[in-house]
Amino acid sequence: MIDGQTTNDRPLLCVENLKVYFQSNGEHAHAVDGISFEVRKKETVCIVGESGCGKTVSALSILGLIPTPPGEIVDGQIIFSGQNLIKLDEKAMQKIRGNHISMVFQEPLTSLNPVFTIGDQIGEAVYTHKQIEPEALFQYCVQLLNDVGIPSPKQRLNDYPHQLSGGQRQRVMIAMALACDPDLIIADEPTTALDVTVQAQILALLKSIQKKRSMSVLYISHDLGVVSAIANRIYVMYAGIIVEQGNTAQIFRAARHPYTQGLLASLPSLSKRGKRLYSIPGNVPNPAYKPDGCPFHPRCRHRILSCQKEYPGMCDYGEGHLARCPVLFKSKGYKASRIQGVK
Amino acid sequence: MTMVEKKLNNDFYIESPLPPKRTRMQEVRRLFGQNRLAILGLFIFILFFFCAVTGLFLTSGSRPVFDPAMVRLQEKLRPPLAKPNLDSLQPQEVPALGVYLMGTDDLGRDVFARMLQGAWVSLTVGFVAVGISVLIGIFMGGIAGYFGQHHIRTDQVLFTFALILGTGLVIANFTFIGTVFLLLCLAYIFYSLFARHGSTEKETPALKAMFHSNAVSIDTLIMRIVDIMLCFPSFFLILTVVALLPASIYNIMIVIGLTSWMGTTRFVRAEFLSLREQDFVAAAKALGLSNFRIIFRHIMPNAIAPVLVSATIGIASAILTEAGLSFLGFGVPPPHATWGNILSNGKNFIFDAPWLTFIPGIAILIVVLSFNLFGEGLRDVMNPKLRERH
């Protein structure tokens, strides 16, 4: 346990050294290249990173939804309440999806089937895992819509998705995700397609539901503002690896990795008013042709010669705060023996 | 959120005007109403359906109201609307309407009764044949579109090949070689059931790797079968099959159905390829639904529109094909009337009794035209891209 917690407090979800590669035209794109993270009970964990850094792929691989001919889980394990999800077959995975782990997708506009009513779709989500009477099912659906804050739920159940607004559709998606009282909700940028006011409402909703039902949430986002509002712990991803992890205060107050520092510096804020906003130079590397050594070194201003050769290990700053940058670690005068897992 | 904001929000939700509610059926009705030709097509279709069903009841049984098989040689080749010569006829030979509405043919049979009987044949041929072709088309297209990226391994291809070859040889009385092939298949099944589990961890030898390599993707396999089927001149294929099978209306329906599913397969596959990548499919998967349920309950309703359109037009072409077969004498066996064989009989008397060719010909024309018009109207209503033009 990183936090020095007691061993009986086992994490709900524990991903270890997960590697997901995609093959296209003879190239192996290392979309996720050995990430490890964990989600404890009743905790909100955020995975932050630029587009294309492998956030969504790692979320999909938890549910076993990686399209298998191009993609492949090469290595690693995903332990969810005691069982390794990678080893499970399709039938067993179907029992886990929706029932124990559910997902809220990015685009509420396209994530609902346009030809069925809201009631049909929520009902199906419930009925797939729990066989209950139609009358009770209807009441349960009304209750769910009520919980996610949709007004006059009985009428809304007969609506088609195109009759609802974006925010309402996302609420419906959340209701579907909640349908079977899952232990873990994976929210893949659920507020990206929504405008800012609706975004705030959805975040508040997620938070209150999480508190009420005591679930864990794995929240995937590129928006540091959103993340700071809801996260307990944060994992920062870059080019398929986790470069820094820690709780919200550690990441936002004392970021130890140059990439995280760059991300934070590029956030607009009142104190930077009138100044040119910082941006990290360069682009995310092509996942099929990543640079040797530290994947971030071509864009890093702290880089030294060894960054091009050595894959950086995790450096332990204590209290669960880890960063994958030995350069800053050594220059701050920490003990080198605390660097873990050098490849 | 402060209290004021919360209150504002609540007020907003309660008072916000909802968009005018229009169900999908109302939308369809509105768009359909603008297309007069499609309405006409639908109207004729309903009329035809009604005629065919009543015709079935009126022309069948031991003493039908209109007897299509009643031969009155003294009354042959009477023109339409001719009065029967009551002196020369038995009471039961007088047509039910008291007049030959569409004349009589060369054996003095009432053409109106024969047309009624033939309408049922055309209707059932159209619907059953298209039903078969749509079912096959949806199944094949759905598999090709949804599972298309998966590969079939070389050993599976060889297994299928050996199975077919073995069965064929046994049927063709080459018992020994056939049995060898079938035994090979059996051995393969046992091998894959028991031997494979142990050897997953070990290094695979080159020969085994070759057998396990991907031979062909499911998509390629199905679409090439479609291409092969499309290469056959299907009318002559039907002629051949009908010549080999006993002549019966059901065989013709099945044969027409089995040779016309390719278009539907292509439509369905194309729809599936785009729908498969939609978010709602991923969302359905994330809810833990099975592949079967996703294909048939979630994707199919979205893909059904072009299938319905092609089915409507397919009914028209199936009716035409049946008429053509009957005209050539390969269709429904003679005592039973169909529009095709009325036409075929009539061609011998085209100058003496033109109504014998014109009446079934015009009936086929009207029914096929109405189906085509209805089908095109349906396409306009169901295609959201065309919808905006109205």
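## A tour from a helix pair in chain B to the strands of chain A

Begin by selecting Ile238(B), Val241(B) and Val242(B) in α9(B), which meet Asn251(B), Ile252(B), Val255(B) and Ile256(B) in α10(B); two residues are in contact here if their C-beta atoms, placed from the backbone, lie within 7 Å. What is on display is a predicted model, in which local features need pLDDT of at least 70 and side-chain atom pairs count only at pLDDT 80 or more, while totals for chains, interfaces and linings use all residues. Residues are numbered from 1 along each chain as its sequence is written, and chains are lettered from A and ligands numbered from 1 in the order in which they are written.

**The helix pair.** Staying with this contact, six of its residues are nonpolar, one is polar and none is charged (Ala, Val, Leu, Ile, Met, Phe, Trp, Tyr, Cys and Pro count as nonpolar, Asp, Glu, Lys and Arg as charged, and the others, Gly among them, as polar). Show α9 (residues 234–244) and α10 (residues 249–258) of chain B as ribbons: their axes come within 10 Å and cross at roughly 145°. The axes are lines fitted to C-alpha atoms, for helices over the stretch in contact, and the angles run from 0 to 180 degrees between N-to-C directions.

**Chain B as a whole.** Widen the selection to chain B, which has 16 helices and two strands; these are DSSP runs, numbered from the N terminus, with helices being H or I of at least four residues and strands E of at least two. Of its 390 residues, 35% count as buried, a residue being buried if 20 or more other C-beta atoms lie within 10 Å of its own, exposed if 12 or fewer, and partly exposed in between, with C-beta atoms placed from the backbone.

**Where the chains touch.** Next, bring chain A back into view: the contact takes 20 residues from chain B and 25 residues from chain A. On the side of chain B, the elements that give two or more residues are α1 (3–15), α12 (279–286) and α13 (291–327), and α12(B) supplies the largest share, six residues. This side of chain B divides into eleven nonpolar, seven polar and two charged residues.

**The nonpolar core.** Select Ile122(A), Ala175(A), Val236(A) and Met237(A), which touch the most other members of the largest nonpolar core, a set of 168 residues. Such a core consists of buried Ala, Val, Leu, Ile, Met, Phe, Trp, Tyr and Cys residues joined through C-beta atoms within 7 Å. Centre the view on Ile122(A) and, leaving aside residues up to four places away in sequence, its contacts are Cys141(A), Leu144(A), Val172(A), Ala175(A), Met176(A) and Ala179(A).

**Strands of chain A.** Move to β1 (residues 13–24) and β4 (residues 71–80) of chain A, which pair in the antiparallel sense over eight bridges; strands pair if DSSP finds at least two bridges between them. Here Val20(A) stands opposite Ile73(A) in β4(A). β4(A) also pairs with β5 (residues 83–84) of chain A, again antiparallel, over two bridges, and Ile79(A) has Asn84(A) in β5(A) as its bridge partner. In the hairpin of β4(A) and β5(A), with two residues between the strands, Ser81(A) takes a positive phi near 35°.

**Two loop residues.** Finish with Lys42(A), which is not a glycine but has a positive phi of about 60°, in the loop between β2 (27–39) and β3 (44–48) of chain A. Lys42(A) counts as partly exposed because it has 15 C-beta neighbours inside 10 Å. Ala239(A), in the loop between β9 (233–238) and β10 (241–247) of chain A, has a positive phi of about 50° although it is not a glycine, and Ala239(A) is buried, with 24 other C-beta atoms within 10 Å.
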